[in-house]
Amino acid sequence: MPAISHDPAAARAFAADVALRLRGEGFETYWAGGCVRDELLGRTPADYDVATSAKPDEVRRVFGKHRTLAVGAAFGVITVLGPKPAGQVEVATFRADAPYTDGRHPAGVTFCSAREDAQRRDFTINGLFLDPVTGEVHDFVGGRDDLAAGVVRAIGVPSMRFGEDHLRMLRAIRFTAFFGFVLDPDTRAAIETMTHLVASVSPERIAAELRAMVSRTGRRQALELLRDTGLAREVLLEVAPPASSDASWNDAARIIGAFDEPDLPMAMATLAHDAGSDVLARMHKRLRLSNHEAKAAHWIRDGVVALDEAPDPRTRPWSTVQPWAAGPWAKQLADGLRARAACGFGDSGRAAWFTAQTERPRHEIDPVPLVTGDELLAAGIPPGRPIGAALAHIRSLQLDGGITTKTEAIAAAVAMAPRAE
Ligand code: ATP
Ligand code: MG
């Protein structure tokens, strides 16, 4: 998945330099995997992986201990640190994975040839090597043809490859959708018979794949592929057909496709729009989303309901709309309302109006409150619930223009609240 972005030209130059240094020391060395795929597609790679015949300790010797990290050394991976704008490059010794025994991790690795290293990789388009000096591609797996034809195909026997590592099923969907490719029929057929195995993948890794799928190009296709292969029933079971209707899934996929700047909370809010917040809460728990993401998704879903389905916000008291326009995810909510309207749900006039509200200056949409809790305490309002209620009441009056001064605010609070003894 894409790493933190650095200066792309510096990152590329450094990755070429790393390969050249290892080559200079007599080690067979290439760029490998996703970065080769991206280069050949004319895309800027998110990061560069180098594959080499040098063993981890030899890589450390070439670049020096202080410029390398050995966290992945047990798997043959050494991180080589570049100049700041270039970031870092993972240098992996050509390796074959020992048998997978748990559907998640190989029991170990053995060092081997470039050809065998290509064969342990997941998909042919991810199994290519490139010589960054000559531009020559080394293709042991038929990846170049598949890249040209736009096919995601498992390397080797698909059911064996998915049996080794169940996460690969989700990766297959992610790459197919993101690049607008097709899933090779045998690869697809294997997934369709093995979907249940994805349940053994950790929720965090499933969530990471979903996060990447729904936030990038091809997200509608990703959701359709998840449904059509049956993977949706495993990873988004609460909202996937048959738990939910086909229509509701299709509508959500279309709306998510229409987002401008989607993220996982926006997608979750949309997928669970019809099902409700209890279902949303169950999904968050199961996928172990962060509190921040869970909160955002609930907030966005509630906001859509409040603004799209209740009476027209343009004619309601501003105090009922302001919490949404000034809230922490107002921008995402506006994008969601716009996307819904573009797909024929809700009203584009409302959506445009709401977007305009969120763009007003901060001091207008979220003015400083007229009073603080302490000031109300000093005025004799009892602590706890009465103060809370008084603050909310005053805030509504302020936002709707009924009061404009501290004195009026305190008077309004005193008028509504029981007096302290
Ligand atoms: P992205 O653009 O998402 O980073 P990527 O292809 O670079 O795509 P990474 O997860 O960064 O994906 O992995 C780098 C390479 O390692 C892949 O291209 C693939 O060759 C190999 N690889 C990664 N994960 C697996 C896996 N689960 N099984 C087999 N090979 C894998
Ligand atoms: Mg990568």
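In this predicted model, a polar backbone atom of Gly-34 sits 3.0 Å from an oxygen atom of ligand 1. Two arginine side chains also make polar contacts with ligand 1: Arg-37 at 2.9 Å and Arg-174 at 2.8 Å. The three contacts are set out below.

| Residue | Atom on the protein side | Atom on the ligand side | Distance |
|---|---|---|---|
| Gly-34 | polar backbone atom | oxygen of ligand 1 | 3.0 Å |
| Arg-37 | polar side-chain atom | oxygen of ligand 1 | 2.9 Å |
| Arg-174 | polar side-chain atom | oxygen of ligand 1 | 2.8 Å |

Taken alone, ligand 1 exposes 580 Å², and the protein buries 82% of that area. Two elements give two or more residues each to the shell around the ligand, namely helix H2 (34–40) and helix H7 (167–179). Of the elements, H7 gives the most, with 4 residues.

The shell holds 15 residues, and the closest are Arg-37, Asn-126, Asp-165, Arg-168 and Arg-174. Sorted by class, the shell around ligand 1 has 10 charged, 3 polar and 2 nonpolar residues. Domain 1 (1–142) and domain 2 (150–235) both give residues to this shell, so ligand 1 lies between the two domains.

Further along the chain is helix H14, which spans residues 277–287. Which residues of H14 are buried? They are Val-279, Leu-280, Met-283, His-284 and Leu-287. These five residues cover an arc of only 140 degrees around the axis, and therefore lie on the same side of H14. Asp-278 and Lys-285, on the other side of H14, are exposed.

Arg-288 belongs to the loop between H14 and helix H15 (291–309). Is Arg-288 buried or exposed? Its relative accessibility is 51%, and because the cut-off for exposed is over 50%, Arg-288 counts as exposed. The backbone of Arg-288 has phi near 50 degrees, a positive value in a residue other than glycine.

Another backbone feature is found at a pair of prolines. The peptide bond from Pro-241 to Pro-242 is cis, and its omega is near 5 degrees. Where is Pro-242 placed? Pro-242 is in the loop that runs between helix H11 (232–235) and helix H12 (246–258).

Methods
Residues are numbered from 1 along each chain as its sequence is written. Chains are lettered from A and ligands numbered from 1 in the order in which they are written. This is a predicted model: local features need pLDDT of at least 70, side-chain atom pairs count only at pLDDT 80 or more; totals for chains, interfaces and linings use all residues. Side-chain values use heavy atoms; hydrogens and water are left out. A residue is near a molecule or strand if one of its heavy atoms lies within 4 Å of it. A polar contact is a pair of N or O atoms within 3.5 Å; within protein, one must be able to donate a hydrogen and the other to accept it, and residues adjacent in sequence count only if both atoms are side-chain atoms. Accessible areas come from the Shrake-Rupley method with a 1.4 Å probe; for residues, only the protein chains shown count as cover. Ala, Val, Leu, Ile, Met, Phe, Trp, Tyr, Cys and Pro count as nonpolar, Asp, Glu, Lys and Arg as charged, and the others, Gly among them, as polar. Domain bounds come from an automatic or database domain assignment. Buried means under 20% relative accessible area, exposed over 50%, partly exposed in between (1.4 Å probe, protein chains only). The arc is that of the directions from the helix axis to the C-beta atoms.
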